[in-house]
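Colleague: I have the sequence and the model open side by side, and I'd like a close look at a single part. Please pick one helix, walk me through it, and then show me how the rest of the chain is put together.

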Amino acid sequence: MSSSNAPQRQGSIDPFSHPDDYYGNEESLARIRRGRTFSASVNAYSREDINEFLGTLPSRRGSQDEASRRPRKFFIDVEETLEALLKQEDTDQNMQITIEDVGPKVLSVGTANSSGINRVDVRGTYMLSNLLQELTIAKDYGRKHIELDEARLSENPVARLSRLIKNMFWKALTRRIDGSNIEVAGRDPKDWTSDPRPRVYIPPGAPEQFEYYSKIAEERPELRLEVLMLQSDITPEYINQLNAKPGLLALAMEKKINEVTKEEELQGVPFVVPGGRFNELYGWDSYMESLGLLVSDRVDLAKGMVVNFCFEIKHYGKVPNANRTYYLTRSQPPFLTDMALRVYDRIKLEPDAKDFLRDSILAAIKEYYSVWAAEPRLDPVSGLSRYRPEGWGVPPETEPTHFTHILTPYAKKHGMSFDEFVKAYNSREVVEPELDEYFLHDRGVRESGHDTSYRLERVCANLATVDLNSLLYKYEVDIARVIRTHFKDKLEIPAEFRTAQSQNIDFETSASWDRRARKRKQKMDQLCWSEEKGMFFDYDTVKKERQDYETATTFWAMWAGLATPQQAAKMVVQALPRFEHFGGLVSGTEESRGAVGLERPNRQWDYPYGWAPQQMLAWTGFLRYGYQDEAERLAYKWLYMITKAFVDFNGVVVEKYDVTRPIDPHRVDAEYGNQGTDFKGAPREGFGWVNASYVYGLEILNAHMRRSLGTITPYDTYKKAIDAQNAF
Ligand SMILES: OC[C@H]1O[C@H](O[C@H]2O[C@H](CO)[C@@H](O)[C@H](O)[C@H]2O)[C@H](O)[C@@H](O)[C@@H]1O
Ligand SMILES: [Ca+2]
C-alpha cells in the first residue's frame, strides 16, 4: 500500500475518528497492532453527540472561507508545517500554542483539492493549537503527509474534549498487569531508588501468578523484571523493608483465549490509572473514573476495577492507597459498594451478574469489618471511624523536599546530614516520638485522599471525618439493601470472607446493617452537625470536640443520603455560598485555611483549589435531594472552567484547578504542582478523575447549557440570557 511519504486519500474517513484510523496507514497500523499490548477496544465516538454540537462553533476568528461551509480538507507536509507552526506561533517555546503566545495567530496551509497549491489561513489560538495537536499525533504515527479535515481543527470544543476523553484518554490510561503490559504498568515515575526497574510482588494466595511472571522474566530478560513473593504476614516493619525494593502489587488475572495463539492463558484484568506520576490502581480515583467510564460505555473497565478491588481485599486485606508496596499500610476513601452497584445495574442481564454482586458485597463486608470498623481506625467511644493507618517512617513516594522543614531540625539535633537522619529514623536506629506522632497523622492525611490540607495536618488520625463516616453510612445502607433485595435477606458468609471481627457470623441479614447506619447517623448528628452553621464538621475523638474547619466534604452527607431534608436545605442555603466560586466548589473555605505565606505555604487540598471528586459527589448529592438547579449550575461552572483552559491552553486537562482563577485555573504551584500540564504538542491522557467529571457532568447539563458551553459562554452570561428569555 501507500508509503508514508505519499499523500493518502482519507476521503471516506470520519473526520472525527480515532487517530488509529485517521492517521494509521496500513504499515503503521500493522506496526501498532503488532506492538499493541492488549486489545483495549475503544467504543466509537457517538455521531449523535457530534451532530448535537455542530453549528455551535465558538464565535472566534474563523478561517477565510467559513462562509462557504463546505467541508474542507488540507494537504499538509507534517514535519515542515510543524516546524513552521512552532517557530512562528510558539513564542514562549513550551511546545504548546496558548493565549500566552504572541505570534501572528495565523498560518496558511494548502488545500487538499489543489494538492496543496491553493492556500487558506488557519486562524486563532484554538485552531492553531488543534493543528499542532493533530500534527504531533500524525508524526507519532510516522506520517510524513496528511490530508486533514478542517472540521478536526474547528470542532466544537465540548465535542472535541468529550471525544478525546472517550476515544483516546481512557485508552491511554488503561493498564493490564501481565506479560503484554508489564513494561508500561511496571514503570514508576515516583521510584526513588538508584536502579528503578519493574518489580512485581505476588501474594502467597496466588501461586499461579508467581509461576506466570517468573516465566515472563525468564523469557524476556530485557524487561529486567524481578518477581518476588510477598510475605503472608504484612507488618509495618516488613513494608518498611520493602522500601529498598519498591514494586507493583499483583492484581486480578483471568483465564482467556489468546486471540493470536488461540491458547488459554492468564491475562490481567484491566483498570484505569489516574495519569501523570500516578501509574497504578488507586482507591478513590478508581471510583470517580468509573463514573466517567460508565457514561463513556466502558462498563468493562469499571467492572475490571471492582474485580481488582475484590482481589486486593482478598489478598492484601484492604484496597491499598494504590497497588505499590509502599502504599500497603494505608487505604483510601471507600466507595466499593456504590461502585459495584452502578456496574451491576449495567450488567444485570449478564449470566455472571449475581455472582459479581455477591463477590463485591462480600468483599465490602470484609473490608468494613477488618479495616474501617476495627481499631485503630474505629474510635470505640463514639463508634465513628477515622483515617488512622498503621506504619512508620517518612513516606518515600512524596516529592523529595516535602518534609525538609519538618526533618531538618531533628537532623541537626542528632548531628547528622538530612539523608543520614532519614535513614536512621526509618530504620528505628533513632527514635523520635514527636516525629512518630507527626507521621501517624501524615499517613492518615494520605489515607484520606486529601493530601495535604491544614484541615488534617497534625490531627488527621484523631478525626472522625464527615467524609469517611458518610461513606461508611453508605456502605451500611447499600449492604442492607443488597442483602434484602438480592439475597432474600440472608447472605451466607464463606469462611474466606470472615475476619477476626466477624468469625462467628455465618450469614448476614439487613437488620444489623440498618441498625449500624441508624447509629452512625445519630452520632454524626450529635457530634458533627452544626445547626447554626448549617453544615457537618469533623469530630476530634481525642479532644472530644467538633472542629471548625469548613470542608466541602459536608456535601458527602447528601451524596450518601445521610442528611435529613432539613439538613440538606440548610447546607444548600448556608454552606453552599461559602464554597461556590467561579469554577465550582473549593475544597475548604478561605477563612478555614487561614493566612498562607513563606512559613505557611499553600496546601493543595485547601482554598483556592477545587478537585473533581468534590464536584462530582456534590452534584450527585444535590440531585438526590431535588436541587437540580444547583447541581446544573455547579456542573456548568466546573465544565466551563475546564473547557476554557482546554481551548486557551493547547488542550490541557489537569489533576486539579484553582477555581478562583478565571484565566489560567490549571496553574497550581502548591506542593508538587499539577499533573497533566507538562506535555509536548498534544495532550495524551488528560487526568483520570477530571476526564470522568467532564463526561459525567455533561450528563447533568440540559441541552441549552451544553450548547452554551460549546460557545465558551461564562455562567453569568448564560444565566442573564436565560433570565431575559424567561422574562418575555
Ligand atoms: O505522592 C504524593 C501523594 O500522591 C497521591 O495523592 C494524590 O494523588 C492521588 C492520585 O490521583 C489522589 O488519590 C490523592 O487524592 C492525591 O492527593 C497519593 O495518593 C498519596 O498517598 C501520596 O502520598
Ligand atoms: Ca507556547
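Modeller: Happy to. A residue is called buried when its relative accessible area is under 20%, exposed when it is over 50%, and partly exposed in between, using a 1.4 Å probe and protein chains only. Helices are DSSP runs of H or I with at least four residues, strands are runs of E with at least two, and both are numbered from the N terminus. Residues are numbered from 1 along each chain as its sequence is written, with chains lettered from A and ligands numbered from 1 in the order in which they are written. Please keep in mind that this is a predicted model, where local features need pLDDT of at least 70, side-chain atom pairs count only at pLDDT 80 or more, and totals for chains, interfaces and linings use all residues, while side-chain values use heavy atoms and leave out hydrogens and water.

Let's take helix α16, which covers residues 418–426. Its buried residues are Phe-421, Val-422, Ala-424, Tyr-425 and Asn-426. An α-helix has 3.6 residues a turn, so residues three or four places apart point the same way. The cover over the buried residues of α16 includes α10 (236–242), α15 (404–413) and α17 (433–447); contact here means heavy atoms within 4.5 Å. Just past the end of α16, Arg-428 has a positive phi of about 65°.

One residue of the covering helix α15 deserves a closer look: Ala-411. With a relative accessible area of 4%, Ala-411 is buried. Setting aside neighbours within four places in sequence, Ala-411 touches Met-416, Ser-417, Phe-418 and Phe-421. Ala-411 and Ala-424 are 13 residues apart along the chain, and their C-alpha atoms are separated by 9.8 Å.

Going back along the chain from α15, you come to the loop between α14 (353–372) and α15, where Pro-376 sits. The peptide bond from Glu-375 to Pro-376 is cis, with omega near 10°. There is another cis bond between Tyr-607 and Pro-608, with omega about 5°, and Pro-608 lies in the loop between α22 (590–593) and β21 (609–611). Most residues other than glycine have a negative phi, and most peptide bonds are trans.

That background also helps with the loop between α18 (466–486) and β13 (491–492), where you will find Lys-488. Lys-488 has a positive phi of about 50° without being a glycine, and its relative accessible area of 78% makes it exposed. Asp-489 is in the loop between α18 and β13 too; its phi is near 60°, again positive in a residue other than glycine. At 28% relative accessibility, Asp-489 is partly exposed. Arg-298, in the loop between α11 (284–295) and α12 (299–316), is buried at 4% relative accessibility. Its C-alpha atom is separated by 8.8 Å from that of Lys-166, 132 residues away along the chain.

For the strands, two of them count as paired if DSSP finds at least two bridges between them. Strands β9 (residues 253–257) and β10 (residues 264–268) pair antiparallel over five bridges, and Glu-254 is opposite Gln-267 of β10. Six residues lie between the strands of this hairpin, and in it Lys-262 takes a positive phi near 60°. Elsewhere, three strands form an open antiparallel sheet in the order β12-β17-β18. Its edge strands, β12 (463–464) and β18 (545–546), each pair on one side only. Strand β17 (residues 539–540) is joined to β18 by two bridges, with Tyr-539 opposite Arg-546.

Stepping back, the chain has 27 helices and 22 strands, and 61% of its 728 residues are buried. Its C-alpha trace spans about 80 × 70 × 65 Å along the principal axes. Of the contacts between residues at least 6 apart in sequence, 73% join residues at least 24 apart.
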